[in-house]
Amino acid sequence: MNVVELDRATISIGGRNVLSDVSFTIQPGEFIGVLGPNGSGKTTLMRALLGLLPQAAGTVRVLGRAPHCGNPDIGYLPQVRTVLPDLRVRGLDFIASSLHGERWGLPSLSAHDRHAIEHTLAAVGARDLARRPLSNMSGGERQRLLLAQALIGAPKLLLLDEPLISLDQRHQEVVIDVVRKACRERNITVLFSAHELNQLLGTLDRVLYLGNGKAVLGTVDEVITTPVLSRLYGTEINVLRADGHIFVMSHGRDVEHADHMHEHGDHGH
Amino acid sequence: MVTDILHYDFMINAFEAAGIVAVMSGLVGFFLVMRGQTFAGHALSHIGFAGATGAGLIGLAPLWGLVGFTLAAGLAMGLLSERISNRDVAIGVVLSLALGFGLLFLHYYTSFATQATAILFGNVLAVDRATIVTLGLLGAITLAALGLMMRPLIFASLQPELAEAKGVPLRFVSTAFLAIVALAVSACAQIVGVLLVFTLMVGPPAAAQRLATTLWSGLVLAALFALAEAWLGIVAAFYTDWPVSFCIALLSGVVYFAALAVPARGTAHAH
């Protein structure tokens, strides 16, 4: 069964077609790097798979079913992460608040849930975060906490929306490493959106490149080419390879780095 | 010494009313602070001023004007979505508009002017039995509603984007919570007045959140701080003849700044 399947799907927000007439299928266990310029629909695609957006036309299937809100088979790490600065809530309680958080009534934490949280934190190498207050965690530590949260409940599909943003190089590598290990072990399919291709080169199975309302899914060699990217960016793109790195240039500028500059305050919808 | 105070019926009434309101304010305020919506709470109390004076104009008890206006405003803020209710400028404009209307109502009902001070700064020593029953009822409704929605409320406050994906109805939760805040503000205004609801609804929970690392310890601490400040404020007022609301405001400020001065645990890990 395909984990994600889009067949001539059009997804729009407020009357604007963010993705139009898009088709691709993602197999179980694949690590997909989701790339593309700001506003190309990376977040929108994930929200559509979560069942948060109405679909304008075509077919979207997640694990064989139409997308629906509260799908327990999906682990999600949103791009916009509200972190309230003065809150001393511990890592354990922070994750606990998300388990069955949609149910009414008083919060409670069963021994089973507590064990699941501690086990998953240990699996991402963040056992000590359970007792530490959120306000004292670094960006990398928070990201690891959120990753653990997304992995709880044995999801089959992991949607990670820009998990590397505002992390330094070392923490970026740690996050990629943690995701790769956790997902290979459990055969989880991953959609990992990012601004930069190079860090993911050794990890990803295929690239889903979005742009201009279109999407192209394929191996790096198939997708990261001058003709494909020129079509997706709607402008002339040069792909340069040097020293195991790939640079996507437009008129002499590196488009990935240029994008990154705009990221502050931009939620990429 | 304590028997001295409890010799008077109005003092017993004051302790009971302040006790009910303090616990309710501390608990509701905890979530107000957690959600970063304290300014919305402040605005609701000012809107309540217009309600209270308007109620006086048409011969109703100020409390019902407070409840009616704050509840309507809370629901409206929730339904207009967080885009509006979290926007300081919009809230600021609405709250000054409400204060203006409050002034207009006072202008047309001049004999009510003596009560204006009570609405603005509270008058816990004048609380009667009927008001205590009403406050008890408001407290019970508020805490029951809070208990029913606490789990999704916490989830939606800490991680709204994820909560939405998991099927939490964000707008409903936000609106219902502001309705709860409206009731708590109305009750709180009976004790410390619309201008000083922060002293019980924000000061104690903010101090508690500085000190506690778990939800339940934070909630208990917030309620205890509010209760201690309210009761000690009344005692202090009894012996000094200063206004009760001033004493409570002073204690609230002292506790908050003392909590700020306590060094944060585990800051060695901070980035």
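**Entry 1: two neighbouring strands.** I looked up strand S6 (residues 157-160) and strand S7 (residues 189-193) of chain A, and I found that they run parallel, joined by four bridges. I keep in mind that this is a predicted model. Which residue in S7(A) is the bridge partner of A:Leu157? I traced the bridge across and arrived at A:Thr189.

**Entry 2: the whole sheet.** Next I followed the neighbours of S6 and S7 in chain A and wrote down the order S5-S6-S7-S3-S8-S9. That makes an open sheet of six strands, and its pairing is mixed. I then asked myself which strands stand at the edges. They are S5 (74-77) and S9 (214-218) of chain A; each has a single partner strand, so one side of each has no neighbour in the sheet. I also noted that neighbouring strands here are turned against each other by 15° on average, with direction ignored.

**Entry 3: where the chains meet.** How many residues does each chain bring to the contact? I noted 29 residues from chain A and 31 residues from chain B. Sorting the chain A side that touches chain B by class, I got 13 nonpolar, nine polar and seven charged residues.

**Entry 4: the core.** My last stop was the largest nonpolar core, which has 167 residues. B:Val21 and B:Cys188 touch the most other members. Helix H10 (residues 170-192) of chain B gives this core its largest share, 16 residues. I then listed what B:Val21 touches, leaving out residues up to four places away in sequence: B:Leu135, B:Ala187, B:Cys188, B:Gln190, B:Ile191 and B:Leu200. A handy reminder for my margin: in soluble globular proteins, nonpolar side chains tend to be buried together.

Notes: Residues are numbered from 1 along each chain as its sequence is written. Chains are lettered from A and ligands numbered from 1 in the order in which they are written. This is a predicted model: local features need pLDDT of at least 70, side-chain atom pairs count only at pLDDT 80 or more; totals for chains, interfaces and linings use all residues. Two strands pair if DSSP finds at least two bridges between them. Axes are lines fitted to C-alpha atoms, for helices over the stretch in contact, and angles run from 0 to 180 degrees between N-to-C directions. Two residues are in contact if their C-beta atoms, placed from the backbone, lie within 7 Å. Ala, Val, Leu, Ile, Met, Phe, Trp, Tyr, Cys and Pro count as nonpolar, Asp, Glu, Lys and Arg as charged, and the others, Gly among them, as polar. A nonpolar core is a set of buried Ala, Val, Leu, Ile, Met, Phe, Trp, Tyr and Cys residues joined through C-beta atoms within 7 Å. A residue is buried if 20 or more other C-beta atoms lie within 10 Å of its own, exposed if 12 or fewer, and partly exposed in between; C-beta atoms are placed from the backbone.
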